[in-house]
Amino acid sequence: MNGANGATRSKRKQHPGSAAERPQKQQKAVNGKETAGQNTLEIGSVIDELLDVDEMDGEEPRVMASIADTAEWQAAIEKVVKNVVSIRFCQTCSFDTDAALTSEATGFVVDAERGYIMTNRHVVGSGPFWGFCVFDNHEEVDAYPVYRDPVHDFGILRFDPKAIKYMPVSTLTLRPDLAKVGSEIRVVGNDAGEKLSILSGVISRLDRNAPEYGDGYCDFNTNYIQAAAAASGGSSGSPVVNIDGYAVALQAGGRSDGAATDYFLPLDRPLRALRCIQEGKPITRGTIQCQWMIKPFDECRRLGLTPEWESAVRKNFPKETGMLVAEIVLPEGPSDSKIEEGDVLVKVNGELLTQFIRLDDILDSSVDGKVKLLLQRGGEDVEFEVKVGDLHKITPDRFVSVAGASFHDLSYQQARLYAVACKGVFVCEATGSFRFESTDNGWIIQTVDHKKTPDLKSFIEVMKGIPDRARVVVTYKHLRDLHTLNTSILHIDRHWSSKMRLAVRNDETGLWDFSDLADAIPQIAPVPRSASFIQLENAQHPAAADVVRSFVRVLCHMPVKLDGFPRNRKWGMGVVIDAEKGLVVISRAIVPYDLCDISITIADSIIVEGKVVFLHPLQNYAIIKYDPSLVDAPVQSARLSTKHVTQGASTYFVGFNQNMRIVIAQTTITDITAVAIPANSGAPRYRAVNVDAITVDTSLSGQCGSGVLVGEDGTVQALWLTYLGERSPVTSKDTDYHLGLATPTLLPVIRQIQSDEQPTLRMLSVEFNAIQMSQARIMGVSEEWIKKVAEDNSSRHQLFMIRKRTFERGDGEENAGALLEGDVILSLNGKIITRVSELDVMYDHEFLNAIIVRNCVEMKLKLPTVSADDLETDRAISFCGAILHRPHHAVRQQISKLHSEVYVSARTRGSPAYQYGLAPTNFITHVNGQKTPDLESFLMAVVNIPDNTYFRLKAMTFDNVPWVITMKKNDHYFPIMEWVKDPSESSGWKRVTYEQGKKIDGEGHDGINLVAADTCEDGGLDLEPAKDRL
């Protein structure tokens, strides 16, 4: 049927259909992955995949046609292929409808003298673009956008023609008039990642409505050409040529359900835009903010088209089978209250009109003027004068970054997609302080700090007046649900992201220019607050109920992803262990490292800032501190038990569920066993080892990630903590375990901290695994020792075997004084070891006298312990969008050899690191042939590399596979940044930026906002809320 799309459209606020039902844009996500977040190059084939180098340099272009091409076609193709380029690009940050991504597509030269390349708008993108083109002879040249159409799916890139030295570059002529039904065509482009593929097809129709792609960018108010060519990812922007070698259309999309159907954009409007650029004229674009659709005559009749008008149209346009019908009229736009959905367009300025191309002509030449429309509405003629607006003015060309997030005025694209008024402040990067409860995009800010923000200018003025660390009320709506006004309290970060920065598109240079709008207002000094704790109603367990006064809520925000930790925001309940000093113990799954902001909420009323005092290397807890002078509330120090609980003992479980509500149950301790959380091979991160874990007999334990176990006398017998586990290979989600940690384990450390001493722990660099006597006997343990085990521990007959050694710097392949995998520990310092807690003797001794069994031989060793002082990350570097630091403890727990002290921990989407495949868990060993054994040598090697130039990286994968890659540096969007731990700084860390080789304290002048850990990926998901939901 004329006008039918053949695929499910998303209209207004409906959710788009499934991916299988929707057509797809034909840009190729790198390495064939389907989403922007999965564009991870496989290391083993990184160079071949990136450059798409054929095995033989002289290989002829691959022809994928159903029949052998004639000599005429071969001659035409031979001429065309020299004009076709492969485009490798990054959209460096989220903007408007486009997410930050790395991808590849196709373009073709349309002006060889000036260096213009035609491609798709969804390739050029609406936001910052960074990319290059590779010609047929493998010459590479940088490409910069000079135009992206606000609506239609075409854009124009600029390159330097003088940079192409080894082949003549000619122009591919645009001939939109030669696109005809039945014409045989070829799609010449970078199909499915191939450097050059040639697909054949036949044009089947010229009057198809523009395909709908779902929530992202969509073309509209134009007809599309349909053909069967079966193009796939990477062919976006390919020229569609005829047998004479002319470009008759532009490849734009295709069906994703297996049907060999492709959609081409007519070249009428691209040709006009190109001519305007060539002549130095502005490309005027007019709009009346109304979307039209091609509807066949039978449907127009049902909408009220009279026979007289149908007859007149058919007489004037005998080949036409339909007319334009109003589909969406934007509220508050020029057409609002004049045009209605379902109106049939008959005349514009007195001219009968049935085609989009002529409508575009009239509107583009009438910007800031008026057009006269004659419409048919239910069989009646209606006539209006409608003002024509400037389409460029409602297409954002700037964004502001503040508090770790980015904002711009709502675009016409987004407004049309959801049929809303084209106004409001759109959150294009909902990160940092403005990371709302959903990872979905589409938030519109209504008010900030009780002040209305109808547009970007007013939003900037409001944000200028908000001091650092302030908590403000923000109201916002989602484009899909404008009925619901959401209200949240946000913690505004102006210290990790101190500058408010404006980015403005520059079509002369093809870059986005950055400028600083305002410095941060210093934090307002906190004042003491008073509060009282809740009292539990109908409390059947007074001892358990009293512990409520020892709980505080802890929210931790990590602005930079370090140590493989998968999330950037976590909350949990901490337990106050010293109210006078303000000491709180919390899980390390909540506070993983000290480059963070910690907010502590006391009695659900008082919010104070916290800082990290101590991080235990193995036992999954951290101790944080707040200023008790700011708290006027009856906070109670939890009384920690000095006795270990036993299996089968009765206890009270006091926990907090996901709704932060306290729950209490009397229960029984079901098991106490060594924690055995699997290592996460994909992204090593902190996990608890060599410590006992407690489980209890209540279903509440699985629902609560925080809490305590309380005895009859009110003492806290154990902390109930969240333990970060492995990532599921099926769901790609991280597993959390909820287990108990006996409080006697914590006491030695707590006592030192209470005495204002910094704990200096030592440890054995191994991971233990409990074994039963049947296994011990096979391992070579004597009957005498087995008898001693039974006498020492009547409840559990077990010993401990070395499961895995932790690699220590300076270790040789064999160390006679060290433990090896498979060793069985019998005793340490004369004490038989049958309980995990007895291994704690290692924390206080530089050497341990051990009796072990190795290879069935009993032997004595003097075991050296290692200091735990140097385990935490104290320096990190952001380079080309990758976060680098020393291999953290979890890496050394899983690896047998450190190849370098430069470890890739995370990377930012849309960055050079993403584009060139510098993935997390790699070690960088050389830069341009120069060894980089540590961060300092790496920094010295890369700081002086000129911007926008290539360099060589030699790296080693986690699995000991060496590889080499060339990368291009980008200082404009991704300057080198360094975070160094510095106690003299208020946040505990100092930030340094390197721009063009110059060192700048703090933030630099350029760069995408990288201090939003949400934009980094280590392969994980981050679904934690960013604020208090009201």
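The exercises below work through a predicted model of one chain.

## Exercise 1. The chain as a whole

Task: Describe the secondary structure, burial, contacts and surface of the chain.

Solution.
- Step 1. Count the elements. The chain has 17 helices and 66 strands.
- Step 2. Take burial. Of the 1030 residues, 61% are buried.
- Step 3. Take the contacts with a separation of 6 or more. Residues 24 or more positions apart supply 68% of them.
- Step 4. Take the surface. About 39500 Å² is exposed, and 49% of that comes from carbon and sulfur atoms.

## Exercise 2. The largest nonpolar core

Task: Which residues touch the most other members of the largest nonpolar core?

Solution.
- Step 1. Start with the set. The largest nonpolar core holds 59 residues.
- Step 2. Pick the best-connected members. They are Ile623 and Val708.
- Step 3. List the partners of Val708, leaving out residues up to four places away in sequence. Val708 touches Val547, Phe551, Val575, Tyr652, Phe653, Val654, Val716, Ala718, Leu719 and Trp720.
- Step 4. Set this against the general pattern. Nonpolar side chains in soluble globular proteins tend to be buried together.

## Exercise 3. Two aromatic pairs

Task: Classify the ring pairs Phe434–Phe436 and Phe514–Tyr973, and place them in the chain.

Solution.
- Step 1. Count the pairs. The structure contains 23 aromatic pairs.
- Step 2. Take Phe434 and Phe436. Their ring centres are 6.4 Å apart and their planes stand at 90°, so this pair is edge-to-face. The cut-off for that class is over 60 degrees.
- Step 3. Check burial. Phe434 has a relative accessible area of 0% and is buried. Phe436 is also buried, at 0%.
- Step 4. Take Phe514 and Tyr973. The centres of these rings lie 6.2 Å apart with planes at 80°, so the pair is edge-to-face.
- Step 5. Locate this pair. Phe514 belongs to strand β32 (residues 512-518), while Tyr973 is in the loop between β61 (962-968) and β62 (976-981). The two are 459 residues apart, and the pair links distant parts of the chain. Both Phe514 and Tyr973 are buried.
- Step 6. Look for a cluster. Ring pairs join Phe434 and Phe436 with Phe407, Trp443, Phe459 and Tyr476.

## Exercise 4. Charges over rings

Task: Which rings lie under Arg553 and Lys862?

Solution.
- Step 1. Arg553 lies over the face of Trp571, 5.4 Å from the ring centre.
- Step 2. Lys862 has its charged end over the ring of Phe847, at 4.8 Å from the centre.

## Exercise 5. Helix α17

Task: Is helix α17 largely enclosed or largely open?

Solution.
- Step 1. Count. Helix α17 spans residues 935-943, and 7 of its 9 residues are buried.
- Step 2. Name the buried residues. They are Leu935, Ser937, Phe938, Leu939, Ala941, Val942 and Val943.
- Step 3. Conclude. With 7 of 9 residues buried, α17 is largely enclosed by the rest of the structure.

## Exercise 6. Arg501

Task: Is Arg501 buried or exposed, and what does its side chain reach?

Solution.
- Step 1. Place the residue. Arg501 is in strand β31 (residues 500-505).
- Step 2. Test burial. The relative accessibility of Arg501 is 9%, so Arg501 counts as buried. The cut-off is under 20%.
- Step 3. Follow the side chain. The side chain of Arg501 reaches the backbone oxygen of Asp1006 at 3.1 Å. It also reaches the backbone oxygen of Gly1007, at 3.1 Å.
- Step 4. Widen the view, leaving out residues up to four places away in sequence. Residues touching Arg501 include Phe399, Val400, Ser401, Phe514, Glu1003 and His1005.

## Exercise 7. Three loop residues

Task: Compare the settings of Glu340, Ala419 and Asn928.

Solution.
- Step 1. Glu340 is in the loop between β18 (322-329) and β19 (344-348). Its relative accessible area is 40%, making Glu340 partly exposed. Beyond four places in sequence, Glu340 contacts Ala326, Val329 and Arg377.
- Step 2. Ala419 is in the loop between α8 (412-418) and β26 (425-429). Ala419 is buried, at 8%. Its phi is near 55°, a positive value in a residue other than glycine.
- Step 3. Asn928 is in the loop between β58 (923-927) and β59 (930-931). Asn928 is partly exposed, at 37%. Its phi is positive, near 50°.

Definitions and conventions:
Residues numbered from 1 in each chain as written. Predicted model: local features only at pLDDT ≥ 70, side-chain atom pairs only at ≥ 80, totals over all residues. Heavy atoms only, no water. Helix = DSSP H or I, 4+ residues; strand = E, 2+ residues; numbered from the N terminus. Buried < 20%, exposed > 50% of the residue type's maximum accessible area, 1.4 Å probe, protein only. Contact = heavy atoms within 4.5 Å. Areas by Shrake-Rupley, 256 points an atom, 1.4 Å probe, with all protein chains shown as cover. Core = buried A, V, L, I, M, F, W, Y, C linked by side-chain atoms within 4.5 Å. Phe/Tyr/Trp six-rings, centres within 6.5 Å; stacked < 30°, edge-to-face > 60°. Lys NZ or Arg CZ within 6 Å of the ring centre and 35° of its normal. Polar contact = N/O pair within 3.5 Å; in protein donor to acceptor, adjacent residues only side chain to side chain.
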